[in-house]
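Subject: Structure for you to look at

Dear colleague,

I am handing over the structure we spoke about, and I would be grateful if you could look through it with my notes beside you. The notes follow directly after the structure.

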Amino acid sequence: MRYTGLIEKYRDRLPVSESTRIISLGEGNTPLIKLENIPKELGKEVDLYVKYEGLNPTGSFKDRGMTMAVTKAVESGSEAIICASTGNTSAAAAAYAARAGIKAFVVIPQGKIALGKLAQAMIHGSTIIQIKGNFDDGMKIVKEISNHAPVSIVNSINPFRLQGQKTAAFEIIEELGSAPDYHSLPVGNAGNITAHWMGYTEYHEIGKSDSKPTMLGYQAEGAAPFIKGSKVDNPETIATAIRIGNPQSWEQALKLSKESNGWFDAFTDKEILATQKMLTEKEGVFCEPASATSVAGALRDIKLGKIPEGSSVVCTLTGHGLKDPDTAIAQCDQSAMINVNPTLEEVKKAILDHM
Ligand code: F0G
């Protein structure tokens with residue numbers, strides 16, 4: 001049967017009815033890739049997987065939530081949606097609004113969203129409201145705006161978003177036969193870690209998995225409210241997707257972390273970028289900087305033995321590397337680019353010099 005998106009697939013576990021018009025771009029069903037070279041080098045016996053959410057239609061996990069949020073917005077008669085965003089939510093909102101034939105307004109921090117995400121929001125025809133402030137400032141306004149303008153909020157405080165996002169946990173259980181021992185995610189607003197826990201809990205309750213994972217949340221050091229224990233006023237990190245100081249799902253994330261015996265940790269920008277590069281060079285998987293935080297965390301904790309050998313670990317790679325081409329190019333060695341004349345001789349020399 002043709003795959004037509006996660007709402008059709010998980011219809012019986014999502015709040016839709018037979019008559020609901022489904023707004024889908026075929027999201028979900030993303031690859032769960034088992035890493036081979038990195039664990040080998042680490043010298044540790046672990047089954048380490050990455051769930052490549054960058055392969056969703058707009059290049060991030062946000063599509064899972066957006067198909068639900070826009071479907072429900074349209075069902076309720078809404079003609080416009082709005083979100084605050086560090087970039088990926090705005091890309092997804094813009095695309096799904098285009099598909100639905102409604103308007104999208106996206107509130108983004110000026111100069112702090114990656115180029116690919118900005119291109120997406122623009123080309124899909126959303127109205128972009130740039131603010132001289134950060135994501136948290138934008139979120140504050142968006143939370144109030146529905147009292148002043150006829151728009152539906154599609155940030156993860158919209159409960160339908162998390163309903164859609166929980167399906168990533170369903171897919172993982174179906175593929176592995178049960179939940180992994182550990183699940184690692186980059187944490188910004190903490191919506192996605194909350195959604196995953198919902199999904200794992202639901203499938204555990206109906207007997208599709210005999211266990212639930214320990215949930216690990218990793219942040220960027222300059223934007224790490226969960227490590228600090230309180231909100232961060234001026235979050236800063238190269239991983240702009242998670243440049244958030246006041247997570248909207250704070251309580252839920254603390255609760256699930258405790259319930260699952262999990263933990264939070266944080267990484268410097270340098271460590272995050274090094275992990276992003278390692279994934280591209282050693283495994284052929286290109287994710288955006290924020291996404292690499294999940295793998296940085298898992299690897300450190302495997303090394304430290306906090307995650308014991310024999311464990312199965314899934315890391316979510318939340319967004320595609322092409323989202324942020326500037327950061328990718330900036331960390332590459334420019335001398336790897338060889339300029340030659342278009343002759344057989346010069347191309348041959350370039351190859352032989354670099355074998
Ligand atoms: N990774 C990426 C690539 C993201 O875009 C985000 C969030 C996260 C991780 C964190 O997920 O907020 O559920 O904890 N991006 C939002 C946005 C805030 O506006 O695109 P979270």
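How far does a polar side-chain atom of Lys62 lie from a nitrogen atom of the ligand? In this model, which is a predicted one, that distance is 2.9 Å. Two further side chains approach oxygen atoms of the ligand: an N or O atom in the side chain of Ser85 is 2.7 Å from a ligand oxygen, and a polar side-chain atom of Asn88 lies 2.8 Å from a ligand oxygen. Taken alone, the ligand exposes 480 Å², of which the protein buries 99%. There are 19 residues around the ligand, and those that come nearest are Ser85, Thr86, Asn189, Ala190 and Thr318.

As for enclosed space, the structure holds one cavity of 30 Å³ or more, and about 330 Å³ of space lies in the largest cavity. Its lining is made up of 28 residues, with Phe61, Lys62, Gly188, Asn189 and Ala241 the closest to the centre of the cavity. Helices α4 (88–100), α7 (159–165) and α9 (191–205) are the elements that each give two or more residues to this lining, which by class has 12 nonpolar, 13 polar and three charged residues.

The largest pocket, for its part, has a volume of about 230 Å³. The elements that give two or more residues to the lining of this pocket are α2 (37–42), α12 (269–283) and α13 (289–303), and the lining includes Ile38, Glu41 and Leu42, together with Phe267, Glu271, Met278, Leu299, Arg300 and Lys303, among others. By class, the residues lining the largest pocket divide into seven nonpolar, one polar and four charged.

Finally, there is an open sheet of four strands, which has the order β5-β4-β3-β6 and parallel pairing. Strands β5 (127–131) and β6 (152–153) stand at the edges with a single partner strand each, so one side of each is left without a neighbour in the sheet. Strand β3 (residues 80–84) pairs with strand β4 (residues 103–109) in the parallel sense over five bridges, and Ala84 has Val107 of β4 as its bridge partner.

If you go through the model in the viewer, you might begin with Lys62, given that a polar atom of its side chain lies 2.9 Å from a ligand nitrogen and that Lys62 is also among the residues closest to the centre of the largest cavity.

With best wishes

Technical notes: Residues numbered from 1 in each chain as written. Predicted model: local features only at pLDDT ≥ 70, side-chain atom pairs only at ≥ 80, totals over all residues. Heavy atoms only, no water. Pairing = 2+ DSSP bridges. 1 Å grid on protein atoms, 1.4 Å probe; cavity = no way out; pocket = protein on both sides within 12 Å on 5 of 7 lines; lining within 4 Å. Points joined across faces, edges and corners; volume = space filled by probe spheres on them. Nonpolar A, V, L, I, M, F, W, Y, C, P; charged D, E, K, R; others polar. Near = heavy atom within 4 Å. Polar contact = N/O pair within 3.5 Å; in protein donor to acceptor, adjacent residues only side chain to side chain. Areas by Shrake-Rupley, 256 points an atom, 1.4 Å probe, with all protein chains shown as cover.
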